[in-house]
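Here's a walk through the model shown below. Keep the structure open and follow along from strand to helix to ligand.

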Amino acid sequence: MQALKDVRILDMTHVQAGPTCSQLLAWMGADVIKFENPQGDATRGQLRDVPNADSLYFTMLNCNKRSITVNMKSAEGKQVFADLLKKCDIIMENFGPGVLERFGFGWDKIREVNPKIVMGSIKGFGSSGPYADFKAYENVAQAMGGSMGTTGVPDGPPFVAGAQIGDSGTGLHLAIGLLAALHQARRSGKGQYVEVAMMDGVMNLCRVKFRDHQRLARGELSEYSVPTYQGMGEVPRAGNDSGGGQLGNAIHCKPHGANDWLYIVVQEAVWGALAKRIGPDLGMPDLASDPHFAKIGERRKNQQLMWTLINKFAEKHTKRELMAILNPLDVPCGPIMSTQDLANDEHVRGREMWVELDHPQRGKWFNVGMPIKLSESPAVIKRSPLLGEHTDEILHDVLGYEKQKISELRSAGAFSAPPKKAA
Ligand SMILES: CC(C)(COP(=O)(O)OP(=O)(O)OC[C@H]1O[C@@H](n2cnc3c(N)ncnc32)[C@H](O)[C@@H]1OP(=O)(O)O)[C@@H](O)C(=O)NCCC(=O)NCCS
């Protein structure tokens, strides 16, 4: 049995931050009802690669869900929504500020309808404070949560991370909050409101940079490869520095293309073995005992020279060859993997992290798999739903509506977009 088999979720989320969360919960077995605007989640049509097919953005974030379309701007639609609320354990949304309140369903109303329900909300900046009314997307959250300010090099512009820490990162935070609140609701009989702000989630993921921010009050950051000094105030962007107590950097390898790099961590314990291996090739047979590098303190001070030497050694090797040299020495390292490398990687396939699926509109396609592996309830990944594919099924099976009632509601416009007003 899947871990969340007995959990039903009314999923009003759209775009990425919310759907990431509900997809994970669906992969753990929850019955996720994607409750869509009759026009559909806007991402169904965004950056389409196959004409008239749901976009990969949508299909990759909405697997294992059922889709119902309901017009929340009609009285009948609101009634269907209220009926569904009574049948669900969790409701979740990531609308812009005030949207649910405009439907007449703020948290107070929702818990009045179902006191046991847990509600999850993602907002750019939460429901309190001076930023509460602002909308947000991934890079806005990265800009405001400390990620962009600390990514890049000091004399260049700030950079966004390729990983979607603002959207998917926030979805992960929400999943944790929802599961905790659900656990409590099952004991207490009382639901609660779980809020995650994207800016807060990014700050959480930048926690170690705030360690460094406070250390700057006491002295320089000796492990940084870029200049720092006491009282500097803000943590500088530090390129590919490891960010931890151990020195690390990306080393350029043969044939020196865009992704011909190996990230190496020169862990304290491995310096001797590493220096013995590379020293002779560099004409420095005594590198391991060279006082410039003998202790971690010296290596921190002289790290530019150390990286130059390791880069020199790497010139003759590809990233995979260098990895093969360093692995037996127990040096923590990893090649920079391109998307192409990953899509073809044996390890990735073996761990079911690049999963082939079929879709009625687009045929074969791939999704990134489930990164959380439960030994007794492994995820079975199923394609995303077409718009409104399960409307009748949900109305009948979950709400017990008869055919006659469904057809009356349909005629009243409960499941379709209101006709556009004439100009
Ligand atoms: C992502 C975001 C910027 C998109 O903004 P947007 O496209 O203007 O969408 P909003 O969420 O503000 O509004 C959705 C609209 O669809 C309408 N809608 C949604 N579901 C509906 C339904 N079932 N029936 C009828 N109308 C519906 C809403 O009423 C609203 O229209 P309104 O403004 O007239 O009330 C915004 O939703 C947001 O800031 N969300 C919170 C942070 C977040 O999750 N960001 C995205 C990360 S991927």
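**Through the sheets, helices and ligand shell**

Let's start inside a sheet: F35 stands opposite I68 in β3. Strands here, like helices, are DSSP runs numbered from the N terminus, with E and at least two residues for a strand, and H or I and at least four residues for a helix. Before going on, keep in mind that this is a predicted model, in which local features need pLDDT of at least 70 and side-chain atom pairs count only at pLDDT 80 or more, while totals for chains, interfaces and linings use all residues. Residue numbers start from 1 along each chain as its sequence is written.

Back to the strands. Strand β2 (residues 31–36) is joined to β3 by 5 bridges, and the two run parallel. They belong to an open sheet of 6 strands, ordered β3-β2-β1-β4-β5-β6, with parallel pairing; two strands pair if DSSP finds at least two bridges between them. At the edges you'll find β3 (65–69) and β6 (193–197), each with a single partner strand, so one side of each has no neighbour in the sheet. From one strand to the next, the twist averages 20°. For this and the other angles, axes are lines fitted to C-alpha atoms, for helices over the stretch in contact, and angles run from 0 to 180 degrees between N-to-C directions.

Now add the helices. α1 lies across β1 (8–11), β2, β3, β4 (90–93) and β5, running at about 150° to β4. α7 lies across β4, β5 and β6, at about 160° to β5. Contact here means that the C-beta atoms of two residues, placed from the backbone, lie within 7 Å.

How do α1 and α7 cross? The axes of helix α1 (residues 17–27) and helix α7 (residues 168–188) come within 7 Å and cross at roughly 50°. The two are therefore oblique to each other, given that angles under 35 degrees count as roughly parallel, over 145 as roughly antiparallel, 65 to 115 as roughly perpendicular and the rest as oblique. On the α1 side of the contact sit A17, G18, T20, C21, L24 and L25, which meet S168, T170, G171, L174 and A175 in α7. By class, the residues of this contact divide into 6 nonpolar, 5 polar and no charged. Ala, Val, Leu, Ile, Met, Phe, Trp, Tyr, Cys and Pro count as nonpolar, Asp, Glu, Lys and Arg as charged, and the others, Gly among them, as polar.

α7 has another helix to deal with: its axis and that of helix α8 (residues 198–205) come within 9 Å and cross at roughly 95°. That makes α7 roughly perpendicular to α8. Here G169, T170 and H173 in α7 meet M198, G201, V202, N204 and L205 in α8. This contact has 3 nonpolar, 5 polar and no charged residues.

Next, the ligand. It is surrounded by 21 residues, and the closest are N37, M72, N94, G96 and K135; a residue is near a molecule if its C-beta atom, placed from the backbone, lies within 6 Å of it. α4 (99–103) and β5 (118–123) each supply at least two residues of this shell. The shell divides into 10 nonpolar, 6 polar and 5 charged residues.

Further along the chain is an open sheet of 3 strands, in the order β7-β8-β9, with antiparallel pairing. β7 (247–252) and β9 (333–335) stand at the edges with a single partner strand each, so one side of each is left without a neighbour in the sheet. Neighbouring strands are turned by 15° against each other on average, direction ignored. Strand β8 (residues 261–266) is joined to β9 by 3 antiparallel bridges, and L262 stands opposite P335 in β9. Helix α12 (residues 303–314) packs on this sheet, touching β7 and β8, and its direction makes about 35° with that of β7.

Finally, two backbone details. The peptide bond from K254 to P255 is cis, with omega near -5°, and P255 lies in the loop between β7 and β8. N52 has a positive phi of about 60° although it is not a glycine; look for N52 in the loop between β2 and α2 (56–61).
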